[in-house]
Amino acid sequence: MRSIWNGSISFGLVSIPVKLMNATENHAISFRQIHLADGGRIRYRKVCELDEEEIPASETVKAYEDADGTVIPVTDEDLASLPLPTAKTIEIEGFVPASAIDPLQLDSAYYLSANGVPAAKPYALLREALRRSGKVAVAKYAIRGRERLGMLRVVDEVIAMHGLLWPDEIRAPEDVAPDAGVKVRDAELDLADALMNTLGDADLDTLHDEYREAIEELVAAKAAGEPVAEEETEEPGGQVIDLMAALESSVRAAEEAKGDGGGKADGGDEADGKDADVHPIKGRTPRSGGSGDGAKKAAKKAAKSTVKEGAGKRAAQKDAPARKTPARKTAAKKTAAKKTAAKKTAPGARKRTSA
């Protein structure tokens, strides 16, 4: 790995020379902008808005714009003159349990490598001290022109550092939660728990970027001059008409996808006082590569199917004309037959009485 920063970790009076390397890489596909008519590249040039001339990088400096619109130039020399103790040092401020760090603060991730043979012993000392304490180190460091907050933890045999956002950079979730009047019933929670248990644990190693793969296939097809196949995309579902039925269908579909067979989940619609129509979901068999992935897709299809079927049945019941049920027709026929038999029997009975 190529190092992007050289400095040291300050652990009290112990100084540990280290190299900083990116722990992650971006696999997103990058595009260029071109002129569609002739394929020419579209490039951006830095042009001064006053004289409309292109400015080279050597004549470009940073500037701070004040509230009244005043522009104050700030050169690299000005920034270099500022006192910044963490410019070449990762200064450990203290130690906290890992649970004390809000995941919202996590930013970039790096690996720290011992820089040179003399750094190996103090590096291993800090690594084992972190491992035995079960805590993480909170530190300050500076990179790319600004001071940042970091968290040091042990990953296998390496010390990793996560860049952290400063606490005042985390927004409060105002007006994000749903209305307080929304109530969740125990029966719905039971079905949600059943669905979570059926879907099981997520295997992160089996997950991959399907959109990126689709882009690669698209580019390969266009490069080969082949027609591009258009896939139908489902419209996002509307309001869930019957939440209980959608949950129960999702549980059944997830069980079928895992090969456990369908079965009625506990906590059905008894609490609602009405029955929900639940139908098995027909579709292609999930890939055998990951039952959890197939179960999740089947559960989503089940919820969508239940919503559509519920809406269609309600509409059909609303528009259908009122008519007698087969049971009522049968009962009416039996009553008419009894009346006819009574009329035929009546004259004979009168004759026997007069005799």
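Before I turn to the structure, one definition: the expected span of a helix is 1.5 Å times one less than its number of residues. Please keep in mind throughout that what we are looking at is a predicted model.

Let me begin with helix 2, which runs over residues 120–133. With 14 residues at 1.5 Å a residue, helix 2 should span 20 Å, and because its end C-alpha atoms are indeed 20 Å apart, the expectation and the model agree. Within this helix, the residues Pro122, Tyr123, Leu126, Arg127 and Leu130 are buried. If you look down the axis of helix 2, those buried residues fall within an arc of 140°, and therefore they line one face of the helix. On the other side of helix 2 you will find Lys121 and Arg132, which are exposed. Just after the helix comes glycine 134, which takes a positive phi of about 70°.

Next, please move along to valine 182, which sits in the loop between strand 9, residues 158–164, and helix 3, residues 186–199. Is this valine 182 buried or exposed? Its relative accessibility is 55%, and because exposed means over 50%, valine 182 counts as exposed. Together with Val184 and Leu189, Val182 makes a nonpolar surface patch of about 270 Å².

My last stop is threonine 206, in the loop between helix 3 and helix 4, the latter covering residues 210–223. Threonine 206 has a relative accessible area of 39%, so it is partly exposed, and its side chain reaches the backbone oxygen of aspartate 203 at 2.8 Å.

Definitions and conventions:
Residues are numbered from 1 along each chain as its sequence is written. This is a predicted model: local features need pLDDT of at least 70, side-chain atom pairs count only at pLDDT 80 or more; totals for chains, interfaces and linings use all residues. Side-chain values use heavy atoms; hydrogens and water are left out. Helices (H or I, at least four residues) and strands (E, at least two) are DSSP runs, numbered from the N terminus. Buried means under 20% relative accessible area, exposed over 50%, partly exposed in between (1.4 Å probe, protein chains only). The arc is that of the directions from the helix axis to the C-beta atoms. Patches are made of residues with over 30% relative accessible area and no salt bridge: like charges are joined within 9 Å, nonpolar side chains (Val, Leu, Ile, Met, Phe, Trp, Tyr) within 5 Å. Accessible areas come from the Shrake-Rupley method with a 1.4 Å probe; for residues, only the protein chains shown count as cover. A salt bridge is a side-chain nitrogen of Lys or Arg within 4 Å of a carboxyl oxygen of Asp or Glu. A polar contact is a pair of N or O atoms within 3.5 Å; within protein, one must be able to donate a hydrogen and the other to accept it, and residues adjacent in sequence count only if both atoms are side-chain atoms.
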